[in-house]
Protein chains: 2
Amino acid sequence: MKQLLIASTSTLHSGSYLDYLMEDLKIHFKNINEIVFIPYARPGGISHDAYTKKANEAFNTIGITVKGLHQFENPIEAIKNAKGIFTGGGNTFVLVNALYKHNLLNTLTSIINDGIPYLGTSAGSNICGLTMRTTNDMPIVYPPNFKTLGCVPFNINPHYLDPDTNSKHMGETRETRIKEFHKFNTQPVVGLREGSWLEVKGASIQLKGTLNARIFEYEKEPYEVETGIFLNELK
Amino acid sequence: MKQLLIASTSTLHSGSYLDYLMEDLKIHFKNINEIVFIPYARPGGISHDAYTKKANEAFNTIGITVKGLHQFENPIEAIKNAKGIFTGGGNTFVLVNALYKHNLLNTLTSIINDGIPYLGTSAGSNICGLTMRTTNDMPIVYPPNFKTLGCVPFNINPHYLDPDTNSKHMGETRETRIKEFHKFNTQPVVGLREGSWLEVKGASIQLKGTLNARIFEYEKEPYEVETGIFLNELK
């Protein structure tokens, strides 16, 4: 049975790295003492080592050791043997490019389908959707494809942000961008606000955290759903 | 001699479409009564016809007729025969995808080098840089390449936005994103605030409008340049 925790962000404004998720992560990674961390998204361009250290420090507080995927000689084998997976945020283009370079997408999908628990934050959540076409990131590298893991039958927009009605900036709002997405794509998009996450257990997909999420479906007006709701029928 | 006007935005918060640029556009397109409009970026997903109508209405006020590139049977020939070009803003991925699909990049570079006056706003400015890797847009389609016209020897970041120090949102600031770009790319980036533009005349590149611009060079701290400055040495 698939087990994913797909989080909008790793860190809340007032919090520290992953702290708001820790109680749920204890349950999500129950009886697991070592997980594999995918550091490829490199937030701020930090090294794989530095990023892995940060993840390890956070997980140590619940008795879990984190090993960086870059530390293994054979990344495909490392994923196949992992007891749990965490893909951190950063730049989705950089992440997806590295996943394709190391030929990891099929292996990841396969072990996730086999029930290995997965945690994604931000870019690591984006890749759980059908494509990365609703990322907010800058296209600083050119990946071979925008297709991602498809662990859920829709796209994710992490760090979803409501329009700032006081802004004088003429750049597009997030809602405008996702509406443009639907001029060229038909799958739904789940806008996950910071502090929200999706909990996937087999065919069940539940919105968790304290906030509503915003759902964008093709040729429909966007709408809000309340925390606790199941999105099992969204596709 | 190359003649380009590379603008951050088409529209200021308090203004109407292109109005703040009109006095300069009269000079830029002097003695020209018809220009070709490239509507491919489709802001908000509007149709090529609707977008061309909007551009035509604005240019009519200075006695210029706008024809949409989509109205020509042979877009390459239309570009070759154009007396002036305007590429409007919208989604840079959609724009660049269409330019590759119609095999227009070489022809565009060639006529711009021959001195046909060019106006770009937003996405239409982005493509004047070496690559589209510093666009702010959502990757809603997958273009065959991120390489763009290279009319200037650096990248453009239109709609450049200073960090909002009051924000509690944890998404990356524009500055963070461009710094990440420089972990993977070495060319400079010119952050053009809304209301700024670059005027290119042959080898001369001048910052115009009322605002400063922010320059990001590889392995340097970003810095401000004042309006009126020449960026001829930036590469």
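These legends describe close-up views of a predicted model with chains A and B.

**View 1. Chain B meets chain A.** On chain B, 46 residues are in contact with 46 residues of chain A. The two chains bury about 3900 Å² between them. Of that area, 62% lies on carbon and sulfur atoms.

**View 2. Polar links cross the interface of chain B and chain A.** Two salt bridges are counted between the chains. In one of them, the side chain of Arg177(B) meets that of Asp137(A). The distance there is 3.9 Å, N to O. A salt bridge needs a nitrogen within 4 Å of a carboxyl oxygen, so this pair counts. The rule also finds 19 residue pairs in polar contact across the interface, both residues at pLDDT 80 or more.

**View 3. Several elements build the side of chain B that touches chain A.** Helix H4 (92-101), strand S6 (155-160) and helix H7 (174-184) of chain B each supply at least two residues. H7(B) gives the largest share, seven residues. Sorted by class, this side of chain B has 19 nonpolar, 17 polar and ten charged residues.

**View 4. Helix H7 of chain B has buried residues that pack against strands.** Which residues of H7(B) are buried? They are Arg174(B), Glu175(B), Arg177(B), Ile178(B), Glu180(B), Phe181(B) and His182(B). Arg177(B) appears here again: its side chain forms the salt bridge with Asp137(A). The buried residues of H7(B) pack against S6, strand S7 (189-193) and strand S10 (213-216) of chain B.

**View 5. Strand S3 of chain A has a buried face and another that is not.** In a regular strand, side chains alternate between the two faces of the sheet. Strand S3 (residues 65-68) of chain A shows this alternation. Val66(A) and Gly68(A) point to one face and are buried. Thr65(A) and Lys67(A) point to the other face and are not buried. Strand S2 (residues 34-38) of chain A pairs with S3(A) in the parallel sense, over four bridges. Look for Ile35(A), which stands opposite Val66(A).

**View 6. Strand S5 of chain B is buried on both faces.** From strand S5 (residues 118-121), Tyr118(B) and Gly120(B) point one way. Leu119(B) and Thr121(B) point the other way, and all are buried. Strand S1 (residues 3-7) of chain B pairs with S5(B) in the parallel sense, over four bridges. There, Leu4(B) stands opposite Tyr118(B). Strand S4 (residues 85-87) of chain B also pairs with S5(B) in the parallel sense, over three bridges. In that pairing, Thr87(B) stands opposite Gly120(B).

Terms used:
Residues are numbered from 1 along each chain as its sequence is written. Chains are lettered from A and ligands numbered from 1 in the order in which they are written. This is a predicted model: local features need pLDDT of at least 70, side-chain atom pairs count only at pLDDT 80 or more; totals for chains, interfaces and linings use all residues. Side-chain values use heavy atoms; hydrogens and water are left out. Contact means heavy atoms within 4.5 Å. Buried area is the accessible area (1.4 Å probe) that two parts lose on being put together, summed over both. A polar contact is a pair of N or O atoms within 3.5 Å; within protein, one must be able to donate a hydrogen and the other to accept it, and residues adjacent in sequence count only if both atoms are side-chain atoms. Ala, Val, Leu, Ile, Met, Phe, Trp, Tyr, Cys and Pro count as nonpolar, Asp, Glu, Lys and Arg as charged, and the others, Gly among them, as polar. Buried means under 20% relative accessible area, exposed over 50%, partly exposed in between (1.4 Å probe, protein chains only). Two strands pair if DSSP finds at least two bridges between them.
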